[in-house]
Amino acid sequence: MSFVPQTVVLGDADAVADHAAAYIVDKLAAKPDLVLGLPTGETPRGIYARLVEACRTGKLSFARASSFNLDEYRGLPPGHPASYHAYMREMLFRHIDIEPARAHLPNGLAPDAGAEGRRYERLIEEAGGIGLMVLGIGGNGHIGFNEPGSPFDSRTRAVRLTEQTREANRRGFPASETVPEAAITMGIATILEAREILLVATGTAKADALADALKGPETPECPASVLRRHPAVTIVCDTAAAAGIELCAR
Ligand code: PGA
(Lines give C-alpha, C1' and ligand atoms only; values in the text may rest on other atoms or scores of the structure.)
Protein backbone atom coordinates (compact mmCIF):
# COMPACT_ATOMS: atom_id res chain seq x y z
CA MET A 1 0.00 0.00 0.00
CA SER A 2 1.33 3.42 -0.91
CA PHE A 3 0.37 6.80 0.55
CA VAL A 4 1.09 10.37 -0.50
CA PRO A 5 2.88 12.27 2.30
CA GLN A 6 1.51 15.68 3.09
CA THR A 7 4.15 18.16 1.91
CA VAL A 8 4.51 21.72 3.18
CA VAL A 9 6.92 23.88 1.17
CA LEU A 10 8.11 27.10 2.83
CA GLY A 11 10.41 29.93 1.77
CA ASP A 12 13.53 29.18 3.77
CA ALA A 13 15.13 27.20 6.58
CA ASP A 14 13.85 29.61 9.25
CA ALA A 15 10.27 29.18 8.09
CA VAL A 16 10.78 25.40 8.10
CA ALA A 17 12.12 25.49 11.68
CA ASP A 18 9.21 27.71 12.78
CA HIS A 19 6.68 25.36 11.26
CA ALA A 20 8.29 22.14 12.51
CA ALA A 21 8.75 23.49 16.04
CA ALA A 22 5.13 24.69 16.17
CA TYR A 23 4.06 21.26 14.96
CA ILE A 24 5.95 19.55 17.79
CA VAL A 25 4.69 22.07 20.38
CA ASP A 26 1.09 21.33 19.33
CA LYS A 27 1.61 17.58 19.54
CA LEU A 28 3.14 17.86 23.00
CA ALA A 29 0.34 20.14 24.18
CA ALA A 30 -2.20 17.55 23.02
CA LYS A 31 -0.23 14.66 24.54
CA PRO A 32 2.21 15.71 27.27
CA ASP A 33 3.52 12.14 27.64
CA LEU A 34 4.38 11.93 23.94
CA VAL A 35 7.24 9.60 22.95
CA LEU A 36 9.39 11.44 20.43
CA GLY A 37 11.92 10.09 17.97
CA LEU A 38 14.63 12.71 17.47
CA PRO A 39 17.26 13.44 14.80
CA THR A 40 20.63 15.20 14.95
CA GLY A 41 22.54 17.10 12.25
CA GLU A 42 22.37 20.63 10.86
CA THR A 43 18.69 20.67 9.90
CA PRO A 44 17.13 20.28 13.36
CA ARG A 45 19.27 22.95 15.07
CA GLY A 46 16.71 25.70 14.41
CA ILE A 47 13.89 23.48 15.58
CA TYR A 48 15.64 22.70 18.85
CA ALA A 49 16.43 26.38 19.43
CA ARG A 50 12.72 27.16 19.11
CA LEU A 51 11.69 24.31 21.42
CA VAL A 52 14.20 25.52 24.02
CA GLU A 53 12.74 29.02 23.78
CA ALA A 54 9.17 27.69 24.09
CA CYS A 55 10.21 25.79 27.21
CA ARG A 56 12.05 28.80 28.66
CA THR A 57 8.97 30.99 28.27
CA GLY A 58 6.67 28.38 29.81
CA LYS A 59 4.79 27.55 26.60
CA LEU A 60 6.00 23.97 26.53
CA SER A 61 7.00 21.24 28.95
CA PHE A 62 8.78 17.95 28.33
CA ALA A 63 8.28 16.89 31.96
CA ARG A 64 6.16 13.89 31.01
CA ALA A 65 7.64 13.26 27.55
CA SER A 66 10.21 10.68 26.49
CA SER A 67 12.61 10.69 23.57
CA PHE A 68 14.62 8.21 21.52
CA ASN A 69 17.34 9.48 19.24
CA LEU A 70 17.80 7.84 15.90
CA ASP A 71 21.48 7.06 16.12
CA GLU A 72 24.96 7.43 17.60
CA TYR A 73 28.46 6.91 16.26
CA ARG A 74 30.18 3.72 17.29
CA GLY A 75 33.17 4.20 19.51
CA LEU A 76 32.46 7.76 20.66
CA PRO A 77 31.97 8.29 24.39
CA PRO A 78 29.01 10.49 25.39
CA GLY A 79 31.48 13.21 26.40
CA HIS A 80 33.05 13.45 22.91
CA PRO A 81 32.00 16.82 21.46
CA ALA A 82 31.05 15.27 18.11
CA SER A 83 28.94 12.52 19.69
CA TYR A 84 25.20 12.75 19.34
CA HIS A 85 24.93 12.50 23.12
CA ALA A 86 26.84 15.80 23.31
CA TYR A 87 24.84 17.33 20.46
CA MET A 88 21.51 16.55 22.13
CA ARG A 89 22.74 17.71 25.51
CA GLU A 90 23.89 21.05 24.09
CA MET A 91 21.07 21.65 21.59
CA LEU A 92 18.16 20.52 23.72
CA PHE A 93 18.30 18.38 26.83
CA ARG A 94 20.23 20.64 29.18
CA HIS A 95 17.89 23.53 28.41
CA ILE A 96 14.55 21.77 28.92
CA ASP A 97 12.70 19.93 31.66
CA ILE A 98 12.86 16.42 30.20
CA GLU A 99 13.58 13.66 32.72
CA PRO A 100 17.17 12.60 31.84
CA ALA A 101 16.31 8.93 32.35
CA ARG A 102 13.66 9.23 29.64
CA ALA A 103 15.93 10.89 27.04
CA HIS A 104 17.50 7.94 25.24
CA LEU A 105 20.27 7.50 22.68
CA PRO A 106 21.91 4.30 21.51
CA ASN A 107 25.11 3.54 23.38
CA GLY A 108 27.92 3.96 20.86
CA LEU A 109 30.35 2.26 23.24
CA ALA A 110 28.34 -0.94 23.68
CA PRO A 111 30.74 -3.84 23.04
CA ASP A 112 27.96 -6.02 21.65
CA ALA A 113 26.03 -3.99 19.08
CA GLY A 114 23.47 -6.75 18.62
CA ALA A 115 22.61 -6.70 22.32
CA GLU A 116 22.54 -2.90 22.28
CA GLY A 117 20.10 -2.93 19.34
CA ARG A 118 17.81 -5.33 21.17
CA ARG A 119 18.04 -3.26 24.37
CA TYR A 120 17.06 -0.09 22.47
CA GLU A 121 14.14 -1.79 20.73
CA ARG A 122 12.90 -3.10 24.08
CA LEU A 123 13.08 0.38 25.63
CA ILE A 124 11.03 1.82 22.78
CA GLU A 125 8.48 -0.92 23.18
CA GLU A 126 8.30 -0.43 26.95
CA ALA A 127 7.69 3.29 26.40
CA GLY A 128 4.65 2.35 24.30
CA GLY A 129 6.27 2.93 20.89
CA ILE A 130 7.24 6.20 19.23
CA GLY A 131 4.34 8.63 18.81
CA LEU A 132 6.05 11.27 16.66
CA MET A 133 9.27 10.50 14.79
CA VAL A 134 11.12 13.60 13.60
CA LEU A 135 13.47 12.82 10.74
CA GLY A 136 16.06 14.50 8.55
CA ILE A 137 17.14 13.06 5.22
CA GLY A 138 20.67 12.49 3.94
CA GLY A 139 21.83 13.71 0.55
CA ASN A 140 21.86 10.02 -0.39
CA GLY A 141 18.31 9.44 0.88
CA HIS A 142 19.32 7.90 4.21
CA ILE A 143 17.04 8.16 7.26
CA GLY A 144 18.76 7.81 10.59
CA PHE A 145 22.00 6.13 9.53
CA ASN A 146 20.15 3.66 7.31
CA GLU A 147 22.32 4.08 4.25
CA PRO A 148 21.25 3.05 0.72
CA GLY A 149 20.79 -0.71 0.60
CA SER A 150 19.43 -0.94 4.18
CA PRO A 151 16.65 -3.52 4.24
CA PHE A 152 13.16 -2.17 4.83
CA ASP A 153 12.70 -4.74 7.63
CA SER A 154 15.89 -3.66 9.47
CA ARG A 155 15.84 -2.87 13.19
CA THR A 156 18.25 -1.08 15.53
CA ARG A 157 21.72 -2.34 14.68
CA ALA A 158 25.32 -1.48 13.85
CA VAL A 159 25.89 -0.09 10.35
CA ARG A 160 28.81 1.13 8.24
CA LEU A 161 28.62 4.72 7.09
CA THR A 162 29.10 5.63 3.43
CA GLU A 163 31.94 7.94 2.43
CA GLN A 164 29.32 10.51 1.37
CA THR A 165 27.82 10.55 4.87
CA ARG A 166 31.22 10.66 6.58
CA GLU A 167 32.21 13.60 4.38
CA ALA A 168 28.91 15.42 5.02
CA ASN A 169 29.41 14.97 8.78
CA ARG A 170 33.10 16.00 8.84
CA ARG A 171 32.18 19.48 9.98
CA GLY A 172 31.27 18.17 13.44
CA PHE A 173 34.78 16.79 14.07
CA PRO A 174 38.10 18.43 14.91
CA ALA A 175 40.48 18.48 11.91
CA SER A 176 42.83 16.06 13.70
CA GLU A 177 40.16 13.35 14.00
CA THR A 178 38.49 11.07 11.50
CA VAL A 179 34.73 10.56 11.32
CA PRO A 180 33.82 7.11 12.69
CA GLU A 181 33.18 4.45 10.07
CA ALA A 182 30.29 2.87 11.93
CA ALA A 183 27.23 3.79 13.95
CA ILE A 184 24.25 2.30 15.73
CA THR A 185 20.95 3.34 14.17
CA MET A 186 17.28 2.64 14.57
CA GLY A 187 16.28 0.41 11.69
CA ILE A 188 13.89 1.27 8.90
CA ALA A 189 11.21 -1.00 10.38
CA THR A 190 11.74 0.70 13.77
CA ILE A 191 11.19 4.12 12.19
CA LEU A 192 8.17 2.95 10.25
CA GLU A 193 6.46 1.74 13.44
CA ALA A 194 6.17 5.33 14.71
CA ARG A 195 2.55 6.42 14.72
CA GLU A 196 3.41 9.64 12.92
CA ILE A 197 6.47 10.93 11.05
CA LEU A 198 7.64 14.49 10.44
CA LEU A 199 10.46 14.75 7.89
CA VAL A 200 12.34 18.03 7.66
CA ALA A 201 14.62 18.99 4.75
CA THR A 202 16.31 22.24 3.77
CA GLY A 203 18.74 23.32 1.07
CA THR A 204 19.57 22.25 -2.47
CA ALA A 205 21.77 19.37 -1.25
CA LYS A 206 18.55 17.55 -0.31
CA ALA A 207 16.60 18.23 -3.52
CA ASP A 208 17.55 15.04 -5.38
CA ALA A 209 17.08 12.81 -2.32
CA LEU A 210 13.65 14.29 -1.63
CA ALA A 211 12.58 13.90 -5.26
CA ASP A 212 13.78 10.28 -5.26
CA ALA A 213 12.01 9.64 -1.95
CA LEU A 214 8.69 10.98 -3.19
CA LYS A 215 8.73 10.29 -6.92
CA GLY A 216 11.33 7.60 -7.59
CA PRO A 217 10.97 3.85 -7.16
CA GLU A 218 10.24 2.55 -3.65
CA THR A 219 13.56 0.89 -3.08
CA PRO A 220 16.17 0.33 -0.35
CA GLU A 221 18.54 2.25 -2.67
CA CYS A 222 16.64 5.33 -1.47
CA PRO A 223 15.79 4.48 2.15
CA ALA A 224 13.46 7.50 2.54
CA SER A 225 11.25 6.14 -0.27
CA VAL A 226 9.92 3.66 2.31
CA LEU A 227 8.06 6.54 3.95
CA ARG A 228 5.41 6.23 1.24
CA ARG A 229 4.36 3.01 3.00
CA HIS A 230 3.44 5.00 6.12
CA PRO A 231 -0.04 6.53 6.35
CA ALA A 232 0.87 9.57 8.47
CA VAL A 233 3.95 11.33 7.09
CA THR A 234 4.31 15.11 6.89
CA ILE A 235 7.23 16.63 5.01
CA VAL A 236 8.25 20.19 5.80
CA CYS A 237 10.88 21.60 3.45
CA ASP A 238 12.11 24.83 1.93
CA THR A 239 11.84 25.76 -1.73
CA ALA A 240 15.49 24.78 -2.32
CA ALA A 241 14.92 21.23 -1.06
CA ALA A 242 11.61 21.03 -2.94
CA ALA A 243 13.19 21.92 -6.30
CA GLY A 244 13.33 18.30 -7.47
CA ILE A 245 9.75 17.50 -6.46
CA GLU A 246 8.51 20.54 -8.30
CA LEU A 247 10.44 19.53 -11.44
CA CYS A 248 8.78 16.11 -11.29
CA ALA A 249 5.35 17.73 -10.87
CA ARG A 250 5.67 19.73 -14.10
P1 PGA B 1 21.81 17.18 8.13
O2 PGA B 1 21.67 15.61 8.19
O3 PGA B 1 20.62 17.74 8.82
O4 PGA B 1 23.09 17.46 8.85
O5 PGA B 1 21.85 17.57 6.68
C6 PGA B 1 20.46 15.01 7.88
C7 PGA B 1 20.65 13.53 7.84
O8 PGA B 1 21.76 13.07 7.48
O9 PGA B 1 19.71 12.80 8.17
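I sorted the shell around the ligand by class: one nonpolar, five polar and three charged residues. Here Ala, Val, Leu, Ile, Met, Phe, Trp, Tyr, Cys and Pro count as nonpolar, Asp, Glu, Lys and Arg as charged, and the others, Gly among them, as polar.

This is a predicted model, where local features need pLDDT of at least 70, side-chain atom pairs count only at pLDDT 80 or more, and totals for chains, interfaces and linings use all residues. Residues are numbered from 1 along each chain as its sequence is written, and side-chain values use heavy atoms, without hydrogens and water.

I listed the residues around the ligand (a heavy atom within 4 Å). They are Gly41, Glu42, Thr43, Gly136, Ile137, Gly138, His142, Arg171 and Lys206.

Next I looked up polar contacts to the ligand (a pair of N or O atoms within 3.5 Å). A polar side-chain atom of Thr43 sits 2.5 Å from a ligand oxygen. For Lys206 I also read 2.5 Å to an oxygen atom of the ligand. A side-chain N or O atom of His142 is 2.6 Å from a ligand oxygen. The protein buries 82% of the 280 Å² that the ligand exposes taken alone (Shrake-Rupley method, 1.4 Å probe).

I checked for disulfides (cysteine sulfur atoms within 2.5 Å) and found zero. Cys55 is buried at 13% relative accessible area, and Cys222 is buried at 7% (buried means under 20%, 1.4 Å probe, protein chains only).

Definitions and conventions
Polar contact = N/O pair within 3.5 Å; in protein donor to acceptor, adjacent residues only side chain to side chain. Buried < 20%, exposed > 50% of the residue type's maximum accessible area, 1.4 Å probe, protein only.
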